[in-house]
Amino acid sequence: MVPAKPRVLYWFRTDLRLHDSPALKAALDLKPECLYPIWCWDPHYVYRARVGPNRWQYLLDCQSDLSASITKLNPKSKLFVLREAPQTVLAKLFKAWKISHLVFEKDTDAYARQRDEDVIKQAEEAGVEVIVKMGRTLYDPDELVKANGGKPTMSITQVQHAAEKLDEVAKPVPTPESLPDPGNASLDFEHTPPSPKPDFNDIQRIDMESSYTHLAGPEGDFGVPTLSELGLKPATTQHRGGETLALRALDEIISNKTYTATFAKPATAPTAFDPQSTTLLSPHHHFGSLSVRLFYWRVMDVLKEYKGKQSTIPTNLIGQLLFRDMYFGAQTALGYSFAQTHGNSHCRFIPWHLPSKVDPSNGLVTGDHHIDSPEAETWFDRWKWGKTGFPWIDALMRQLRQEGWIHHLGRHAVACFLTRGGCYIDWERGAEVFEEWLIDHEVSCNSGNWQWLSCTAFYSQFYRCYSPIAFPKKTDAKGDFVRHFCPELKDYPEKFIYEPWKAPVADQKKAGCLIKGDGQETEDGGMKVYPKPMFDFNARRSICLDAMKSAYHINLYGDNLKVKDGTWRELFPDSAEGPTEGKSAKDAINGEETGKKTRPKRGEEASGDMGVDQDEGEAAEVGGETKGGDQEGKSPGKRKRKGQGTLDAHFGGKRTKK
């Protein structure tokens, strides 16, 4: 008896493309009788992950473009969007559609790994063969970690050494020229709508979320959902998603051989916005509308032929892909704990303001936080909404909210300002805002970057801070970026554009904008208003640096028992910056907020490179500050690690010897 041909369910997730898809190729290699290209509308992302309208729009763009491309190859086919959790709907599809094989691209995110394990178990119980292929990163994160001795990859050097033990980056596979017909798509089974609570995205909704009302959508055609179905505010970004646009953008970048070969990310301007100075391919990589392997090999082809001086790893385009793999490898090794401090063996513990609340039953953050300082909560809100009174910071946060993207040095500037360089607020608060607003958000990259910039992992030179005044002047002395995103300041003289509070009242009136208040009011007597700075930056930075120095000396990590049970408080004086009141585990995990404002005991030592004109250069963007990387009892400023000492070349001032 001739065996029946395979009936394949192809589950799209992080691979919204037809080009270079190892998993799709594996599905087609089965020579299936029918192929169902599906997308499961996962309630985890609808309700439990913070996603703003701009990223939703980008996803819908990618889905619509992919569906149209599928239909071009086979008019009978499309992307079948099923409005139900994969953990409940796939098992029903196995039976209803007589599926023999389930094929999908591997995803090592903590939630995705758990989800996929559940689905694979259900498939095995149903007699369905599962095929999983890697295509999201250059190297399989699990193999990368294994080659790194089973440890998280915490530096580019570790990634490179681990990669030497693996096969070279795979060449892209061909784009299919045809697709099999889908089979009968009847839905003769009960629909299981998810619970909408808790809904982390309720703040983004202006209407009721209704995307789960019908399993195949309101028209019964498996169509891509709309923002209105999600009840979301309209998107404001001009950046659009989809494989078609991604490949076009890649062609344009690669056609400029000099740009491709000499690209050095730290040398690009964070103040450029029309157009931006970097590739802006990261959201395409996130949604899989552009293969990282295709990008890698097309860049490598240019580097192979280019005769002039080239940029090198880690700052060139290849280095940026390796950074991405580094963060994926770190998350793969550490799982859920990578995205938080509590329980994270490689994240330094700092007693930040507004720390996360932790569920004592599983050690995971709950999505809520302690308000140990009302002042810090006010600072956080002003930072988030671009009302700090520092135009460079405010312009960046407004660009982020409007466009869903800011330059990586801009991300670094606002992250440093919120954490160790000003507010001393928990990096997890900032990561949540980026999770909500970025169109290129990756759990691994976002968490890793925030740990890097807060100097809790990957990087330890906490005394190098971005100035919100001197740093942007390097690439935008006239302040065009600020004038665009903070239009109330557009007529300010160049000398005051980054420090408008220094302008005489007469000049303020002439520019049509008064500097007053805390951002609550936008007009005064018909004249525009921009807020005063919410604190003295130099004073706050000194306070933060003293507090960081103390925390580094105490030298705790997120997996330390004292961190877990709350007794870390015994090691910090009550006068230290951060929430130090209380001693018990209850205080640390579920305790009451005191609301008491604390001030640090000012140290007598001061590093000589704290001047306002300092910033954090990235000539040595290799990282590598892992647990145990600093000599106990020594200031990290006294010990230069390989790849970081060259940062001094970027600064005019010399460090004062202690």
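Is L280 buried or exposed? L280 is buried, with a relative accessible area of 13%. Keep in mind that this is a predicted model. The protein has 658 residues, and buried ones make up 60% of them. Its secondary structure comes to 23 helices and 10 strands. If you look at contacts between residues at least 6 apart in sequence, 76% of them join residues at least 24 apart.

**Backbone oddities**

- Back to L280 for a moment: its phi is near 60°, which is a positive value in a residue other than glycine.
- You'll find L280 in the loop between α9 (257-262) and α10.
- N555 also has a positive phi, near 65°, and it isn't a glycine either.
- N555 sits in the loop between α21 (537-554) and α22 (561-565).
- With 26% relative accessibility, N555 counts as partly exposed, because the buried class stops at under 20% and the exposed class begins over 50%.
- There's a cis peptide bond between K197 and P198, with omega at about -5°.
- P198 belongs to the loop between α7 (156-163) and α8 (243-255).
- Another cis peptide bond joins I313 to P314, and here omega is about 15°.
- P314 is in the loop that runs between α11 (292-305) and α12.

**The five-stranded sheet**

- Five strands make an open sheet in the order β3-β2-β1-β4-β5, and the pairing is parallel.
- At the edges stand β3 (80-82) and β5, each of which pairs on one side only.
- On average, neighbouring strands of this sheet are turned by 30° against each other, direction ignored.
- Zooming in on one pair, strand β4 (residues 101-105) runs parallel to strand β5 (residues 129-133), and five bridges connect them.
- Two residues of the β4-β5 pairing are worth picking out: F104 has V132 in β5 as its bridge partner, and E105 stands opposite K133 in β5.
- Side chains in a regular strand alternate between the two faces of the sheet.
- Helix α5 (residues 110-125) joins the picture here, as β4, α5 and β5 make a right-handed β-α-β unit.

**The three-stranded sheet**

- A second open sheet has three strands in the order β8-β10-β9, with mixed pairing.
- β8 (513-515) and β9 (523-524) are at the edges with a single partner strand each, so one side of each has no neighbour in the sheet.
- β8 pairs with strand β10 (residues 527-530) in the parallel sense, over three bridges.
- Within β10, V529 is the bridge partner of L514.

**Aromatic rings**

- The structure holds 38 aromatic pairs.
- One of them is Y58 with F287, a stacked pair with 5.7 Å centre to centre and 20° between the planes.
- Y58 is in helix α3 (residues 53-73) and F287 is in helix α10 (residues 282-287), so this pair ties together parts that are 229 residues apart in sequence.
- Y58 and F287 are both buried.
- F323 and W452 make an edge-to-face pair, because their planes stand at 70° and the cut-off for that class is over 60; the ring centres are 5.9 Å apart.
- This pair links distant parts of the chain too, with F323 in helix α12 (residues 317-334) and W452 in helix α17 (residues 443-453), 129 residues apart.
- F323 and W452 are buried as well.
- One aromatic cluster is formed by F273, W392, Y466, F471, F481 and F485.

**Charges over rings**

- K171 has its charged end over the ring of W297, at 4.5 Å from the ring centre.
- R540 does something similar with F535: the charged end of R540 sits over that ring, 6.0 Å from its centre.

**A lysine on the outside**

- K95 is part of helix α4 (residues 86-96).
- Its relative accessibility is 73%, so K95 counts as exposed.
- K95 and A126 are 31 residues apart along the chain, and their C-alpha atoms are separated by 7.9 Å.

Definitions and conventions:
Residues are numbered from 1 along each chain as its sequence is written. This is a predicted model: local features need pLDDT of at least 70, side-chain atom pairs count only at pLDDT 80 or more; totals for chains, interfaces and linings use all residues. Side-chain values use heavy atoms; hydrogens and water are left out. Rings of Phe, Tyr and Trp (its six-membered ring) pair if their centres lie within 6.5 Å; planes under 30 degrees apart count as stacked, over 60 as edge-to-face and the rest as tilted. Helices (H or I, at least four residues) and strands (E, at least two) are DSSP runs, numbered from the N terminus. Buried means under 20% relative accessible area, exposed over 50%, partly exposed in between (1.4 Å probe, protein chains only). A charge sits over a ring if NZ of Lys or CZ of Arg is within 6 Å of the ring centre and within 35 degrees of the ring normal. Two strands pair if DSSP finds at least two bridges between them. A crossover is right-handed if, with the strands pointing away from the viewer, the path from the first strand over the helix to the second runs clockwise. Axes are lines fitted to C-alpha atoms, for helices over the stretch in contact, and angles run from 0 to 180 degrees between N-to-C directions. Contact means heavy atoms within 4.5 Å.
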